[in-house]
Amino acid sequence: MPLHINTPLVHSRALSILSGKSVLLKLDALQPSGSFKLRGVGAVCERFAQQGKSTFVSSSGGNAGIAVAYAGRQLSIPVTVVVPESTTDHAKKLIAQESAKVIVHGSSWMEANALAQSMLEDPSVAFVHPFDDPFMWSGHASMIDEVVAAKAHFDCVVLSVGGGGLLSGVVEGLLRNGLAHIPVVAIETQGADSLARSVSAGHLIELEAITSIATSLGAKKVCANAFELTTKHDIRCHTVSDLEAVNACEQFLIDHRLLVEPACGASLAAVYEHSHDLLADFQAPLVIVCGGATANPMQIQNWKKQLSS
Ligand SMILES: *Cc1c(COP(=O)(O)O)cnc(C)c1O
């Protein structure tokens, strides 16, 4: 039994009327850990458990850390998540309530990650990378298997890009289901646009800093696989503003009664705010509602006020 669930696939009446297209939503916000990450993380953790690993370590204060904590509890394997001081109390609570040990260390992810890496000298300890792991991508690909098994019709996939694990998984899912011709619309927020900038530069670049509020998209550099895929598959990179992403979160909560992070709002903004330009070539977009457990309604309102002033 996998640790993730087969999530609902729903036709969005609200988004379809708004865009004049037939919009399908893959609701991975409903994974028990609150995001799609559980698909890949669950597969990786199950394999480590079979290999006899006795501790899992993560350095993500976001949805990857939460998914590792959830997987460890399900597999009865202790989990340690090292997070930087910038991690919110809410995120720490979400990790801790999955019975994982939270260690706060350093002012940035680099320092937290360095401490996590130093724990790996013991061969029974397994490190779970948040996005750069081919086995994780295969786990993420299961979302496309489910859509295909449901015999759904779609002519593009809209998704958000952080480190590129979700993108890698979705493309793998398309390929293994004979859908290599289906384009992917890859959305980032401005200030977390490491893939879009790499594509314009023609080579893999690293951002100097992340300036977007969509912290779950905040990888300064995407994994090499994600960049390589842009040269092999029809992947169209676009950016939206933080305000567009936040507005999309607010409207999606009203339309579909689901609270998601701005990282996911970015993909929804492609439909709410940009269906006429970014989706002009398509009639039946499949939007990956990747979710995000750290969202909170007051914060969405606060961001909206700050960003629109
Ligand atoms: C991790 C995450 C992303 C980005 O996924 P990558 O595999 O890093 O590209 C998008 N949205 C949410 C909610 C996430 O947790």
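These legends go with close-up views of a predicted model. Residues are numbered from 1 along each chain as its sequence is written, and side-chain values use heavy atoms, with hydrogens and water left out. Because the model is predicted, local features need pLDDT of at least 70 and side-chain atom pairs count only at pLDDT 80 or more, while totals for chains, interfaces and linings use all residues.

**View 1. Who sits around the ligand.**
The ligand has 15 residues around it, counting a residue as near if one of its heavy atoms lies within 4 Å. Coming nearest are Lys-37, Gly-162, Gly-163, Gly-164 and Leu-166. Sorted by class, the shell holds 6 nonpolar, 8 polar and 1 charged residues. For that tally, Ala, Val, Leu, Ile, Met, Phe, Trp, Tyr, Cys and Pro are nonpolar, Asp, Glu, Lys and Arg are charged, and the others, Gly among them, are polar.

**View 2. Polar contacts to ligand oxygens.**
Here we zoom in on polar contacts, meaning pairs of N or O atoms within 3.5 Å. Lys-37 brings a polar side-chain atom to 2.7 Å from an oxygen atom of the ligand. The backbone joins in too: a polar backbone atom of Gly-164 is 2.8 Å from a ligand oxygen, and a backbone N or O atom of Gly-165 lies 2.9 Å from a ligand oxygen. How much of the ligand does the protein bury? Of the 370 Å² that the ligand exposes when taken alone, 98% is buried (Shrake-Rupley method, 1.4 Å probe).

**View 3. Strand β3 and its two partners.**
Follow Val-57 here: its bridge partner in β6 is Phe-127, and its bridge partner in β4 is Thr-80. Strand β3 (residues 55-58) runs parallel to β6 (residues 125-127), with 3 bridges joining them. On β4 (residues 79-83), β3 again pairs in the parallel sense over 3 bridges. From β3, the chain passes through helix α3 (residues 63-75) to β4, a right-handed β-α-β crossover; right-handed means that, with the strands pointing away from the viewer, the path from the first strand over the helix to the second runs clockwise. Also look for Phe-56, which stands opposite Val-79 in β4.

**View 4. The open sheet.**
Four strands line up as β5-β4-β3-β6 in an open sheet with parallel pairing. Strands are DSSP runs of E, at least two residues, and helices are runs of H or I, at least four; two strands pair if DSSP finds at least two bridges between them. At the edges are β5 (101-104) and β6, each pairing on one side only.

Terms used:
A polar contact is a pair of N or O atoms within 3.5 Å; within protein, one must be able to donate a hydrogen and the other to accept it, and residues adjacent in sequence count only if both atoms are side-chain atoms.
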